[in-house]
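I opened this entry to record what I looked up in the structure, and in what order. The notes go from burial to helices, then to charged pairs and the nonpolar core.

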Amino acid sequence: MTVTHMVTPAPSGPALRAWRESLALSRQALAELAGGISTTTIVRIEAGEVSPHPRTIQALVGALRARSAALAAYNENDGAEGTAPSLETSPGMGPRHGTA
């Protein structure tokens with residue numbers, strides 16, 4: 001039996017930056033949502049200075065998708081009070097250990 005894995009191409013640095021900015025996320029906020037990736041790493045990825053490890057891209061894309069989903073849910077509720085997404089409560093992106 002042959003198993004094939006679908007690989008989603010990683011977004012380019014400028015595409016990653018555009019996606020982050022479209023969600024009104026700072027680099028620091030994305031770093032926190034992505035499990036503590038450094039802001040320096042995000043700057044270097046967005047500038048095309050480094051070729052990130054696949055797990056780094058997976059963490060960044062996962063954080064951006066979760067934030068996109070949270071904003072979509074908020075918009076579906078017409079911005080009803082109590083439904084605004086926050087960095088701490090984005091789906092699948094709870095607070096990190098050791099943070100207040």
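I first fixed the burial cut-off that I need below: a residue counts as buried when its relative accessible area is under 20%, as exposed when it is over 50%, and as partly exposed in between. I also note that what I am reading is a predicted model.

**Entry 1: overall layout**

I looked up the secondary structure and found four helices and zero strands, so that is the α-α-α-α order I read from the N terminus on. With the cut-off above, 24% of the 100 residues count as buried. I then checked the contacts with a separation of 6 or more, and 52% of them join residues that are 24 or more positions apart. The surface that the protein exposes comes to about 6,700 Å², of which carbon and sulfur atoms supply 53%.

**Entry 2: helix α4**

I checked the length of helix α4, which covers residues 54–76: at 1.5 Å a residue its 23 residues should span 33 Å, and the end C-alpha atoms are 32 Å apart, which agrees. I next listed its buried residues, which are I57, L60, V61, A63, L64, A66, R67 and A70. As a reminder to myself, an α-helix has 3.6 residues a turn, so residues three or four places apart point the same way. When I asked what covers the buried residues of α4, I found that the cover includes α1 (13–22), α2 (27–33) and α3 (39–46).

**Entry 3: salt bridges**

I counted five salt bridges and began with those of R20. Its closest N and O atoms to E21 are 3.9 Å apart in one salt bridge, while in another, with E46, the closest N and O atoms are 2.7 Å apart. Because E46 lies in helix α3 and R20 in helix α1, this pair ties together parts that are 26 residues apart in sequence. Are E46 and R20 buried or exposed? Both E46 and R20 are buried, and for R20 the relative accessibility is 5%. E21, in contrast, is partly exposed, with a relative accessible area of 43%. I also traced a network of salt bridges that links R17, R20, E21, R27 and E46.

I then turned to R44 and E49, whose side chains meet in a salt bridge at 3.5 Å, N to O. R44 counts as partly exposed at 37% relative accessibility, and E49 counts as exposed at 53%.

**Entry 4: the loop between α1 and α2**

I looked at A24, which is found in the loop between α1 and α2 and counts as exposed at 68% relative accessibility. The C-alpha atoms of A24 and R67 are separated by 9.9 Å, although their positions lie 43 residues apart along the chain as a separation.

**Entry 5: nonpolar core**

Which residues touch the most other members of the largest nonpolar core? I found that, of its 14 residues, these are L25, L30, I42, L60 and L64. The elements that give two or more residues to this core are α2, α3 and α4, and the largest share, four residues, comes from α2. I set beside this the general tendency of nonpolar side chains in soluble globular proteins to be buried together. Lastly I followed I42 and, leaving aside residues up to four places away in sequence, found that I42 touches R27, L30, A31, I37 and L60.

How values were computed:
Residues are numbered from 1 along each chain as its sequence is written. This is a predicted model: local features need pLDDT of at least 70, side-chain atom pairs count only at pLDDT 80 or more; totals for chains, interfaces and linings use all residues. Side-chain values use heavy atoms; hydrogens and water are left out. Buried means under 20% relative accessible area, exposed over 50%, partly exposed in between (1.4 Å probe, protein chains only). Contact means heavy atoms within 4.5 Å. Accessible areas come from the Shrake-Rupley method with a 1.4 Å probe; for residues, only the protein chains shown count as cover. The expected span of a helix is 1.5 Å times one less than its number of residues. A salt bridge is a side-chain nitrogen of Lys or Arg within 4 Å of a carboxyl oxygen of Asp or Glu. A nonpolar core is a set of buried Ala, Val, Leu, Ile, Met, Phe, Trp, Tyr and Cys residues joined through side-chain atoms within 4.5 Å.
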